[in-house]
Amino acid sequence: MNLPTQQASIAWTFYPHNSTLELVFFGTFISPSGWVGWGINPTSSEMTGTRALIAFSDPNSGQIVLLPYILDPNVKLQKSPLLSQPLDIRLLSSTAAMYGGKMATIHNGAPIQIYATIKLESNKTKIHLVWNRGLYVQGYSPTIHPTTSTDLSSIATFDALSGSFAPQQHTDLTMLRVIHGTLNAISWGILLPMGAITARYFRPIQALGPAWFYAHAGIQLFAFILGTVGFTIGIRLGQLSPGVEYSLHRKLGIAVFCLGALQTLALLFRPNVRNKFRKYWKSYHHFVGYSCVVLGFVNVFQGFEVMGASRSYAKLSYCLGLATLIGVSIALEVNSWVVFCRKSKEEKMRREGLIGTSDKGSSGIHT
């Protein structure tokens, strides 16, 4: 029987009189230092709880070694390494072989066969089969497999007696990931910095009046609304992807959202200009705002890594937009310092009597 992913297949013989299953799994390596494995989950069609046999190259002898593992929740969440341990199912025998025997070498695409003889429970012929492959083995501990939608779909249920087969129904989350990434890149990675730029460089322009404030508040509020939608989709993606957790990206996302929420709430507690607590509020507002912008940048790039889009046109487009923002910021910063230095010089000359008090804004020098 061909399995639905990774070009894998199985063949088996079931002996009803003693409930014995002889099964061979056909898989391929994806790395010279990688691993290939399959297993049975006694209770459900998921990775957690699987009793697995995993084959890889012995780090000492270089020969193929086949070891038993139990995939518990700590391993799935990468909280502890995967260590070999005896299985609590009735595994009568197991072995692994490659085409070419002892002369065969592991390489990308190298085929392998993993055999096992298992004693099943009486009248229980439904098998929850789990299989996968990974890039690296650290000592005798296989590391996490790739987390593409195909790799996460490597689960199926079949009946050893009748031969009926049911692959796991896996929801394609690609579009949801794209929407999540797009909304967050635009909100936290573009609009939020634009709002900060508006406040920093347009506030000193007296001709604008309070327009800079309304523009700043409007941009930031719109960015937060978009970011909230993107954050909610991210939470939903986590719920739809059991066993997949991007710890750093998740923690940064929560931090950015909380900082954005604090900034939004700060509008409700904005003291009057003459209030003695105004300076403390401004310090808090600036610190939280700039922290949110910086963490937003970091997490957008972390998101590209998570999606496997580190070399994509989407990342290139974002980098071009970000470079434009940085260029505009540098130009406005230089201009603000030029204006500040010019006003400071004029003020100094005014104090020294070199410029008349009635000639504000002019450069005439009295003799």
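These are my notebook entries on a predicted model, taken topic by topic.

**Overall layout**

I started with the domains. The protein splits into domain 1, residues 9-159, and domain 2, residues 170-352. I then looked up how far apart they sit: their centres, taken over C-alpha atoms, are 46 Å from each other.

**Transmembrane annotation**

UniProt, in an unreviewed entry, puts "transmembrane region" at 178-199, 211-233, 253-271, 283-301 and 321-341. I checked two of these against the model. Residues 211-233 come out as 100% helix and 0% strand, with 33 Å between the end C-alpha atoms. Residues 321-341 are likewise 100% helix and 0% strand, and there the end C-alpha atoms are 30 Å apart.

**Helix α4**

Next I took α4, residues 247-266, and asked what its length should be. With 20 residues at 1.5 Å a residue I expect 28 Å, and the end C-alpha atoms are 29 Å apart, so the two agree. Its buried residues are H249, L252, G253, V256, F257, L259, G260, Q263 and A266. What do the buried residues of α4 pack against? I found α2 (174-202), α3 (211-240) and α5 (278-306).

**Annotated histidines**

The same unreviewed UniProt entry type carries a "binding site" feature at H180, H216, H249 and H285. I wanted to know whether they gather at one spot or not. They span 106 residues in sequence and the farthest two C-alpha atoms are 27.5 Å apart, so they do not all gather at one spot.

Two of them I followed up. H216 lies in helix α3 and is buried, at 13% relative accessible area. Setting aside neighbours within four places in sequence, H216 contacts G195, A196, T198, A199 and H285. H285 is in helix α5 and also counts as buried, at 16% relative accessibility. With the equivalent neighbours left out, H285 contacts H216, Q263 and A266. Both Q263 and A266 are on my list of buried α4 residues.

I looked at another histidine, H145, as well. H145 sits in the loop between β10 (141-142) and β11 (155-159). Buried or exposed? H145 is buried, with a relative accessible area of 13%. Beyond residues up to four places away in sequence, H145 touches W35, M47, N132, R133, G134, D151 and L152.

**Aromatic pairs**

A search over the whole structure gave me 12 aromatic pairs. One of them is F213 with Y214, edge-to-face at 5.7 Å centre to centre and 70 degrees between the planes. Y214 is exposed, at 58% relative accessibility. W337 and F340 also pair edge-to-face, with 5.7 Å between centres and 85 degrees between planes. Both are in helix α6 (residues 313-351), three residues apart, about one turn of the helix. The spacing makes sense to me, because residues three or four places apart in an α-helix point the same way. W337 is partly exposed at 49%, and F340 is partly exposed at 48%. I also noted a cluster in which ring pairs link W188, F224, F231 and F257. F257 is another of the buried α4 residues.

**Cysteines**

How many disulfides are there? I counted zero. I took C292 as a case: the closest cysteine sulfur is in C258, 9.9 Å away, which is too far for a bond. C292 is buried, at 2% relative accessibility, whereas C341 is partly exposed at 45%.

Notes:
Residues numbered from 1 in each chain as written. Predicted model: local features only at pLDDT ≥ 70, side-chain atom pairs only at ≥ 80, totals over all residues. Heavy atoms only, no water. UniProt positions renumbered as here; feature names shortened; annotations may be inferred. Helix = DSSP H or I, 4+ residues; strand = E, 2+ residues; numbered from the N terminus. Disulfide = S-S within 2.5 Å. Buried < 20%, exposed > 50% of the residue type's maximum accessible area, 1.4 Å probe, protein only. Domains from an automatic or database assignment. Expected span 1.5 Å × (residues − 1). Contact = heavy atoms within 4.5 Å. Phe/Tyr/Trp six-rings, centres within 6.5 Å; stacked < 30°, edge-to-face > 60°.
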